[in-house]
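Visitor: Hello! I am new here and would love a short tour. Could you show me the structure before I start asking?

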Amino acid sequence: APFFIDTHCHLDAAEFDADRDTVYAAAQTGGVSTMVVPAISRDNFAAVAATCSRYPGCLPAWGLHPMLIDVHRPEHLADLRAQVEAQRPVAIGEIGLDLFVDLDYATQEYFYVEQLKIAHEYDLPVLLHCRRANDEILKHLRKIKVRGGIAHAFNGSPQQADAFIKLGFKLGFGGAFTWPRANNLRRLAVDLPLEAIVLETDSPDIPPVWIGHGRNAPGELPRIAQTLAELRKISLEVVAQTTTRNARELFGLA
């Protein structure tokens with residue numbers, strides 16, 4: 001059976017408190033052997049750590065999310081460093097910029113840049129939140145060299161995709177492209193080199209079309225992969241093998 005890596009999954013989120021064991025077991029049974037669980041603030045480092053210690057298939061990423069700048073303080077960057085020292089993550093994330101919501105840009109940029117420096121220092125890839133902010137995200141990646149990463153929930157232009165790929169990044173695809181009206185995403189999902197794509201759910205968010213507006217879960221990843229295979233007119237096995245290899249190489253997993 002094919003194996004999958006969910007490169008972005010918030011299994012620590014409160015939405016899973018009632019049935020986390022079941023959700024994790026369902027993902028494992030479906031072939032989702034590994035799930036990367038990104039932190040979003042200093043306050044959920046402990047929840048991510050607990051999730052990753054309870055479930056052997058879960059691997060942590062440590063970071064301060066751009067949409068939570070009201071919560072973050074400059075001293076939390078020292079806490080982030082301490083967390084990286086205490087438990088080496090597979091990536092620094094979830095970090096980045098969000099120009100979709102009205103949040104102070106200078107503050108977002110400060111935390112993004114400081115965390116890129118931490119990723120550079122520890123030679124770690126980054127998990128990037130880049131909603132409506134691809135050019136701004138790329139501008140800083142050209143200045144501060146990091147060991148690649150993932151443009152999570154990518155929805156940019158082919159030119160922006162190429163710029164990420166040239167910098168050693170993969171592009172994260174999940175539930176969003178399964179919606180028939182997601183024309184730009186579906187075009188990208190077909191046209192981009194498969195070597196540049198990794199799969200993700202962003203559970204409990206970004207549900208695929210068959211869930212509608214319900215809670216997303218990592219166990220949906222094989223069906224998301226199946227949708228990608230159908231759009232590209234290739235086998236599920238090829239999608240599974242290639243995207244899993246892409247993720248393993250990126251995160252330095254055996």
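Visitor: Which residues in helix 4 do Leu-77, Leu-80, Arg-81, Val-84 and Glu-85 in helix 3 meet?

Guide: Happy to help! This is a predicted model, where local features need pLDDT of at least 70 and side-chain atom pairs count only at pLDDT 80 or more, while totals for chains, interfaces and linings use all residues. Residues are numbered from 1 along each chain as its sequence is written, and side-chain values use heavy atoms, leaving out hydrogens and water. With contact meaning heavy atoms within 4.5 Å, those helix 3 residues meet Tyr-110, Phe-111, Glu-114, Gln-115, Ile-118, Glu-121 and Tyr-122.

Visitor: How do the residues of the contact of helix 3 with helix 4 divide?

Guide: Here Ala, Val, Leu, Ile, Met, Phe, Trp, Tyr, Cys and Pro count as nonpolar, Asp, Glu, Lys and Arg as charged, and the others, Gly among them, as polar. By that sorting, the contact holds 7 nonpolar, 1 polar and 4 charged residues.

Visitor: Is helix 3 roughly parallel or roughly antiparallel to helix 4?

Guide: Axes are lines fitted to C-alpha atoms, for helices over the stretch in contact, with angles from 0 to 180 degrees between N-to-C directions. The two axes come within 11 Å and cross at roughly 25°. Angles under 35 degrees count as roughly parallel, over 145 as roughly antiparallel, 65 to 115 as roughly perpendicular and the rest as oblique. Therefore helix 3 and helix 4 are roughly parallel.

Visitor: Which residues of helix 3 are buried?

Guide: Buried means under 20% relative accessible area and exposed over 50%, with partly exposed in between (1.4 Å probe, protein chains only). On the face turned away from the buried side, Glu-85 and Ala-86 are exposed. The buried ones in helix 3 are His-76, Leu-77, Leu-80, Gln-83 and Val-84.

Visitor: What do the buried residues of helix 3 pack against?

Guide: Helices (H or I, at least four residues) and strands (E, at least two) are DSSP runs, numbered from the N terminus. In those terms, the partners are helix 2 (45-54), strand 3 (58-62), strand 4 (91-96) and helix 4 (105-122).

Visitor: Is Asp-98 buried or exposed?

Guide: Asp-98 sits in the loop between strand 4 and helix 4. Beyond its neighbours within four places in sequence, it is in contact with Pro-66, Met-67, Gln-108, His-129 and Arg-131. Its relative accessibility is 0%, so Asp-98 counts as buried.
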